[in-house]
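Thank you for making the time this morning. I would like to walk through one chain with you, beginning with a detail of its backbone and ending with the fold as a whole.

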Amino acid sequence: MRCQSLVAALSLGSAALALHDQQFPVSAAGETYVRPLDITNLNNDKPHSYIWDSKTEKWRFDEGPPDNATGNLIFDTLHSLLQHWPNTRYRNGHNIVPGVIPTGTLIYHGTARNTTPSGPEWTATDPEHSLIFVRGHEGGWLLTLAATRPLKVLYFDGSSAAKVPEGTMDTQDIVAWGEVQPERHFDEKSRIKDLCRWGKEFGIDGFARMELDFEVMLCDFTVGVEVVSFLHLRVLSMYDSPPNVCHTGDRMFEAMHSGSWHRHYPGESRIVLDLTGLVSLYDIELAPSLIPVRAGLERRDHRVFGISSEDLSQVKRKLTEVISRPDPGSGIDWKALTHVIVDRYADRLELMQYLLNFTSSDSQVLLQRAKLVQTQLRIMLAPYLLDTTVVPSADTPGIHPSQWASPIFKLCTTTHTTEMIKQIPLMTSSERLLLKAVEDTTREICRVTTNMWAVGVMSGLDILFPIELNREFNVAQIMNGWRQDIMKLIAWLDWSIWIKCRPACGPEEICYLPTWPLHGPGPTDPRPPRDPRNAMGAPAEVNDLVDRCCEPPLTIQDAFVSFETPMEEWRKPQPKCIRRLAPYGF
């Protein structure tokens, strides 16, 4: 067949294989997919060939996830646990997860005094974070502790140590105070005391959170830990710096830098989470009252504020259950499973998006690009392309035009979970939630990509499944439909691994997302008076820090300089390259 004929033949295949209008909206060029023709399998006499029956109803290509589905959100937050990058991007956490800090793990506490805290206080998982609080005219103190046994902790995901009223503290509030109290976002002393008081009944040693880096709110410095060292360190104060020089900016930057070590998988590995006890506020059976609260909101605006009192009681009962139960669960490694799936698809979907971000008035150039896309689709689905697959004729009436590919759709969707289903009797309720989230996510990935592949096959673009074409196709229409499919799928998955600095940063730079407390949403509510002896309070020389290091307007939050950020920029943090060497440019 001549190339011109093939290009012409492609237009009919696009029409024959396009899904219903709601799946393929108007393309960028203003074209719409026509409603598909019905086709039937003409090769039912072939051994083991696919025959349409009622069981395939579950694998319909025109049925996407419902509007209020949260499986993708549960999957993504599960994969993102203890990773700094995604929890900076989406600050308002929705998961509460029990875990342990293993025996021998070091944690750090910076202070201006040479006394061990007598009550609950904050510790950091990296010394650079604690060094921010090592301060004073004559230096400060760094206390290093080691766990003498597994420390039982409760982890709040998101930027749960960011003291802002927009939702970062919601999950802590419901544990500490039984309700969300946004006006108390800076009431840290009460929060840590009330959390520790609540956790004492369950033997909880501390609470894990994240801001610049990960921290542990340790309830008792005399239980489960021993002192490794308590060092008096020499540090540069504001008064050691010449005019217009900010040496303390080094410590501030390095605190952020140490957090960047945990940006992506496996994240902060010194906290080991028990995912069989995960409590998710995206669980629509656990907290159905949040469905209308979230309706119409962008994901970054999702929060727990607005939950009903009935759901709140149910969440607290669930939390008490998971931290008290002896049930070990199924033994499935959920963290590894989500990582396998993200590894498998993230790069390939990103490459597909790149290939489809292409236009040309030359039909031959466009055809070659379409063949490249089809090849990548075939590579992605290669483990599921059965030799018994029968491609029907495109010009006969019958079933949905892509339905012949439903066995591939099903295999792709279920391959990671088929054996796991046998473990359901051993699973906790949390694990059953995670299983459904994995199934929902793989189903949508496989629904979209298998249908795209089937469209390409029926358009004569796939050399592994060649077909005879006797009508004309429009390759531009196929490309537009594919582009819409990939854009919608990537937006629905919303994986933070795709958020990066473009172009990549240079050797003296680091990719950075606006992070509290280096950045904040502008003026906040008045804070409780600071105890001048409080090691976590701002130092007396903070005004000088502002004068030497920064340009106004500024606020001081804890011991850090916080650049007031326009609200929209704060709500939608975008990656940017900043200097790793002074002068810093947050």
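Pro503 sits in the loop between α14 and β11, the latter being residues 509-512, and in this predicted model the peptide bond that joins Arg502 to Pro503 is cis, with omega at about 0 degrees. There is a second cis peptide bond, between Tyr265 and Pro266, where omega is about 5 degrees, and Pro266 likewise belongs to a loop, the one between α7 (248-260) and β9 (272-273). I point these out because most peptide bonds are trans, and most residues other than glycine have a negative phi.

That brings me to phi. Asp494, which is found in the loop between α14 and β11, has a positive phi of about 60 degrees although it is not a glycine. Is Asp494 buried or exposed? Its relative accessible area is 15%, and since the cut-off for burial is under 20%, Asp494 counts as buried. Leu82 also has a positive phi, near 65 degrees; its place is in the loop between α2 (71-80) and α3 (84-89), and with a relative accessible area of 2% Leu82 is buried.

Let me go back to α14 and its packing partner. Helix α14, residues 475-493, packs against α13 at an angle of about 170 degrees, and the axes of the two helices are 11 Å apart. Angles over 145 degrees count as roughly antiparallel, and α13 and α14 are therefore roughly antiparallel to each other. On the α13 side the contact includes Ile445, Val448, Met452 and Val455, while on the α14 side Trp482, Ile486, Leu489 and Trp492 are among the residues that take part. If we sort the residues of this contact by character, ten are nonpolar, three are polar and three are charged.

Now to the interior. The largest nonpolar core has 86 residues, and those with the most contacts inside it are Leu275, Trp334, Tyr345, Leu349, Trp453, Trp482 and Trp495. Which helix gives the most to this core? The answer is α13, residues 429-458, which supplies 14 residues. Apart from this core lies another, of 30 residues, with Cys196, Trp198, Leu290 and Ile307 among them. If you would like one residue to look at in the largest core, I would suggest Trp453, whose contacts, leaving aside neighbours within four places in sequence, include Leu377, Leu381, Leu385, Trp404, Ile408 and Phe465, together with Gln374, Arg378 and Asp462.

A further residue to look at is Ala146, which lies in strand β4, residues 140-147, and which at 10% relative accessibility counts as buried. Not counting residues up to four places away in sequence, Ala146 touches Gly104, Thr105 and Leu106, and also Gly224, Val225, Glu226 and Val228. Ala146 and Pro102 are 44 residues apart in sequence, yet their C-alpha atoms are 9.6 Å apart in space.

I will close with the chain as a whole. It has 16 helices and 15 strands, and buried residues make up 57% of its 586 residues. Among contacts between residues at least 6 apart in sequence, 80% join residues at least 24 apart. The accessible surface of the chain comes to about 24,700 Å², and 54% of that surface belongs to carbon and sulfur atoms.

Key: Residues are numbered from 1 along each chain as its sequence is written. This is a predicted model: local features need pLDDT of at least 70, side-chain atom pairs count only at pLDDT 80 or more; totals for chains, interfaces and linings use all residues. Side-chain values use heavy atoms; hydrogens and water are left out. A nonpolar core is a set of buried Ala, Val, Leu, Ile, Met, Phe, Trp, Tyr and Cys residues joined through side-chain atoms within 4.5 Å. Buried means under 20% relative accessible area, exposed over 50%, partly exposed in between (1.4 Å probe, protein chains only). Helices (H or I, at least four residues) and strands (E, at least two) are DSSP runs, numbered from the N terminus. Contact means heavy atoms within 4.5 Å. Axes are lines fitted to C-alpha atoms, for helices over the stretch in contact, and angles run from 0 to 180 degrees between N-to-C directions. Angles under 35 degrees count as roughly parallel, over 145 as roughly antiparallel, 65 to 115 as roughly perpendicular and the rest as oblique. Ala, Val, Leu, Ile, Met, Phe, Trp, Tyr, Cys and Pro count as nonpolar, Asp, Glu, Lys and Arg as charged, and the others, Gly among them, as polar. Accessible areas come from the Shrake-Rupley method with a 1.4 Å probe; for residues, only the protein chains shown count as cover.
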